[in-house]
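User: I am a first-year student, and I would like a close look at one part of this protein. Please begin with the model as a whole and then concentrate on the region that holds the salt bridges.

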Amino acid sequence: MTSALGAGFLFGIGLWLSGMANPRKVLDFLDITGNWDPSLLLVMGGAVIVTAISFRPLLRRKPVDFKTALDAPLIIGAGIFGIGWGIGGYCPGPALTALSNLSADVLVFVAAMVGGGFLAKIAAPAGPGA
């Protein structure tokens, strides 16, 4: 539990330092015709590098069958996530980090995120991973 707490704390610090806890960073990145902020590319690039290095050994242990891994619920869920991220400027990790701001928009976002999670749990049948 201590390592999970430490990892979460480190992740939260990284989100603050990168500016990801500020939805304006995301919204300005998506606004290519207005006040475009390309700095999010550095955050994404860093994440891709860490993932490429870290996941390679994990994928060697247990290969992923992409024909069954990419199903309709995953693709639809990813689309809904992307739309919500583009509209609100938050995704779950930065939203939880931004709760320390106590702003109304992040409180509404997190409440909707938690409510949506409960609704999904109720509406979706329990799958193999549940």
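Analyst: The structure shown is a predicted model. Its protein chain contains seven helices and zero strands, and reading along the sequence gives the pattern α-α-α-α-α-α-α. The C-alpha trace spans about 40 × 40 × 35 Å along its principal axes. The chain has 130 residues, of which 16% count as buried. Its exposed area is about 9600 Å², and carbon and sulfur atoms supply 75% of that area. Among contacts between residues at least 6 apart in sequence, 43% join residues at least 24 apart.

The charges form the background to the part you asked about. The protein chain carries 8 positive and 6 negative charges, and the mean positions of the two groups are 16 Å apart. Side chains of opposite charge can pair when their charged atoms come close. In this model the count comes to two salt bridges.

Helix 2 is the place to begin, and it covers residues 23-30. One salt bridge joins the side chains of Arg24 and Asp28, with a distance of 3.0 Å from N to O. Why can these two residues be related along the helix? Arg24 and Asp28 are four residues apart in helix 2, so about one helical turn separates them. The surroundings of the partners may be described in turn. Arg24 has a relative accessible area of 44% and is partly exposed. Asp28 has a relative accessible area of 11%; because buried means under 20%, Asp28 is classed as buried.

The other salt bridge brings together the side chains of Asp37 and Lys25, at 3.6 Å from N to O. Here Lys25 belongs to helix 2, whereas Asp37 lies in the loop between helix 2 and helix 3, so the pair ties together parts that are twelve residues apart in sequence. Helix 3 itself is formed by residues 40-61.

The loop that holds Asp37 deserves a further look. Trp36 also lies in the loop between helix 2 and helix 3. With a relative accessible area of 40%, Trp36 is partly exposed. Together with Ile32, Leu41 and Met44, Trp36 makes a nonpolar surface patch of about 410 Å².

One more residue of helix 2 completes this view, namely Leu30. Leu30 has 43% relative accessibility and counts as partly exposed. Leu30 and Gly116 are 86 residues apart in sequence, and their C-alpha atoms are 24 Å apart in space.

Two residues elsewhere in the chain may be set beside this region. Thr97 is located in helix 6, which comprises residues 92-98. Its relative accessible area is 15%, and Thr97 is buried. Leaving aside residues up to four places away in sequence, Thr97 touches Gly12, Leu15, Trp16 and Ala21. Leu102, by contrast, counts as exposed, at 63% relative accessibility. Leu102 sits in the loop between helix 6 and helix 7, the latter being residues 104-123. The phi angle of Leu102 is near 55 degrees, a positive value in a residue other than glycine.

To return to your request, helix 2 contributes Arg24 and Asp28 to one salt bridge and Lys25 to the bridge with Asp37 of the following loop.

Definitions and conventions: Residues numbered from 1 in each chain as written. Predicted model: local features only at pLDDT ≥ 70, side-chain atom pairs only at ≥ 80, totals over all residues. Heavy atoms only, no water. Buried < 20%, exposed > 50% of the residue type's maximum accessible area, 1.4 Å probe, protein only. Contact = heavy atoms within 4.5 Å. Areas by Shrake-Rupley, 256 points an atom, 1.4 Å probe, with all protein chains shown as cover. Lys, Arg positive; Asp, Glu negative; His and termini not counted. Charge placed at Lys NZ, Arg CZ, Asp CG, Glu CD. Salt bridge = Lys/Arg side-chain N within 4 Å of Asp/Glu carboxyl O. Patch = residues over 30% accessible without salt bridge, like charges linked within 9 Å, V, L, I, M, F, W, Y side chains within 5 Å.
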